[in-house]
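User: Before I plan anything around this protein, I would like to go through its model with you. Could we take it topic by topic, with the reasoning spelled out?

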Amino acid sequence: MLARPAHVDTGRHGSPAPNAPAGERGQLIVVANRLPITVSTKDGAPVVRRSVGGLATGLREPHERLGGTWVGWPGRVDRLSPPARDAVARRLEAEHLVPVTLSEREVRVFYEGIANGVLWPICHDRLDRLPLRVTGWDVYEEVNERFAEATTGCHRPGDRIWIHDYQLLRTPALVRRRLPHARIGFFLHVPFPNPEIFFALPTRRWLMEGMLGADVIGFHTRRYRGHFTAALRRLYGIEMEADGTIAWEGRRVHLGVFPMGVDAAGLAERGASRRVNGTVLDLRASRQRLLVGIDRLDYSKGIPRRLLALERLLIEHPEWRGRVRLVQVAVPSRGRVHAYRQVRREVDRLIGRINGELGTPSWTPVHYVYRSVPQPMLLALYRAADVMLVTPVRDGMNLVAKEFVASRTDEEGVLVLSELAGAADELTEALRVNPYDVDQMAEAMHQALTMEGRERRDRMRALRTVVRDNDVHRWTASFLEALEAAG
């Protein structure tokens, strides 16, 4: 066992919120790579802001509502002065957040090298993105050990532990080693890949055995769970029982399907605010029809093929020239990883070519926004969009699609959705497309732009029912109910 690092606060922070589960169930301990806030520096002073991303956004509300502790990385705090570090520590303690700090080397090897340079492409079917030689698994284990140490320091009898995602695949087993009788859940927010791809990793058994330290392992879809059970069968000869459990080291491990949702009611309310309505009117002031794409700048999101599909639309249906434009928001992501710098260059090149060849002095086909966008602007784009384009080449769930639907209280707008996003299993009234088929995507855009009002509203009404009935609160409750029943 690793010695407890002196710079990781593993003590219990505060007490559960007044409405937290009481009695013997104890608190909920959320364990994720990042805290729901990120600490950075500006002019030598600490800047604390809310983290972005689907996991932080989805879990922030349950953490606040259920009470308890969140264990995660706060961002770069090592460059702060001692008084600034003390101020940040007090802020984290007040919000029941336990920081696991990472050195520059650990960020480079664990986060950029292994998590995002190896595991992310494997989980998104991109063997071509793997480095020729993979090193750093020892650092991945060391960081997972630190998260396990911090989690153990927070735990008291009756607490429930909920560990998240591909950065922490080893943490469930490492916590189990320290707390044999703890109730541990693990949720994988990315796809579990087909075994033929997963088995390219020499560490495949070690990673799966890490996950199997949990009592409940959750996936977004039946397909991802099926890939996991196929890997279990081939590696260990284990079959899942009819009740969704397997036998592992004297325990029953439940393998569940829990499609993640969004805060549907909150998004609808915030989307109807006066500020958002004003921006919607500004966006609709032009006579041009509005296509919208909102993504992290990631090769899994399919932005280059989406741009090529727009180009095909304008070539095959020239009547749309000057009458439609694409607003593509690309949030900067993992800029120090080589593959992400490559995709940025590719997107820049495509947008420049399309705008240069098809644009006119009075019309630009693609309006490109390369930066983080505040939520009021995102909601305004959702509300103003005639067509929302969510076309990843592989995605665990994709909450953008659900946020778009939740915000459309007017029951207007058309969702064009990749069949390779986890959300496609639920959002069956979207226009579903193969993101590798550029011509089909172009025709889906045309179909969406020409769809009659009654069909648009019928489809959106059905989508909104699904998103409302399967929101983030139901996702949280269903997983925690399964965890409560496990044990």
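**Helix, rings and sheet**

Analyst: Helix α4 is mostly covered, with 16 of its 18 residues buried. Please keep in mind throughout that this is a predicted model.

User: What distance does helix α4 reach from its first C-alpha to its last?

Analyst: Helix α4 runs over residues 137–154 and has 18 residues. At 1.5 Å a residue the expected reach is 26 Å, and the helix comes close to that expectation. From first C-alpha to last, the value in the model is 26 Å.

User: How many aromatic pairs does a search of the whole structure find, and is the pair of Phe192 and Phe198 stacked or tilted?

Analyst: The search of the whole structure finds 19 aromatic pairs. For Phe192 and Phe198, the ring centres lie 4.8 Å apart and the planes make an angle of 50°. Because planes under 30 degrees apart count as stacked and those over 60 as edge-to-face, the pair formed by Phe192 and Phe198 is classed as tilted.

User: Is Phe192 buried or exposed?

Analyst: The relative accessibility of Phe192 is 3%, and that of its partner Phe198 is 4%. Since the limit for a buried residue is under 20% relative accessible area, Phe192 counts as buried.

User: How many residues apart in sequence are the parts that Tyr299 and Tyr340 tie together?

Analyst: Tyr299 and Tyr340 form a tilted aromatic pair, 5.4 Å centre to centre with 45° between the planes, and both residues are buried. Tyr299 lies in the loop between β11 (289–296) and α11 (303–316), whereas Tyr340 belongs to helix α12 (residues 338–358), so the pair ties together parts whose separation in sequence is 41 residues.

User: Which residue lies over the face of Tyr299?

Analyst: The face of Tyr299 has a charged residue over it, at 4.6 Å from the ring centre. An arrangement of this kind is also found at Phe199, where the charged end of Arg204 sits over the ring, 4.8 Å from its centre. For Tyr299, the residue in question is Arg129.

User: Which are the edge strands of the open sheet?

Analyst: Eight strands form this open sheet, with mixed pairing, in the order β5-β4-β1-β6-β7-β8-β10-β9. An edge strand here pairs on one side only, and the two that do so are β5 (97–99) and β9 (245–248).

User: Which residue in β10 stands opposite Ile246?

Analyst: β9 and strand β10 (residues 251–257) pair in the antiparallel sense, over four bridges. In β10, the residue opposite Ile246 is Val253.

Conventions:
Residues are numbered from 1 along each chain as its sequence is written. This is a predicted model: local features need pLDDT of at least 70, side-chain atom pairs count only at pLDDT 80 or more; totals for chains, interfaces and linings use all residues. Side-chain values use heavy atoms; hydrogens and water are left out. Rings of Phe, Tyr and Trp (its six-membered ring) pair if their centres lie within 6.5 Å; planes under 30 degrees apart count as stacked, over 60 as edge-to-face and the rest as tilted. Buried means under 20% relative accessible area, exposed over 50%, partly exposed in between (1.4 Å probe, protein chains only). A charge sits over a ring if NZ of Lys or CZ of Arg is within 6 Å of the ring centre and within 35 degrees of the ring normal. The expected span of a helix is 1.5 Å times one less than its number of residues. Two strands pair if DSSP finds at least two bridges between them.
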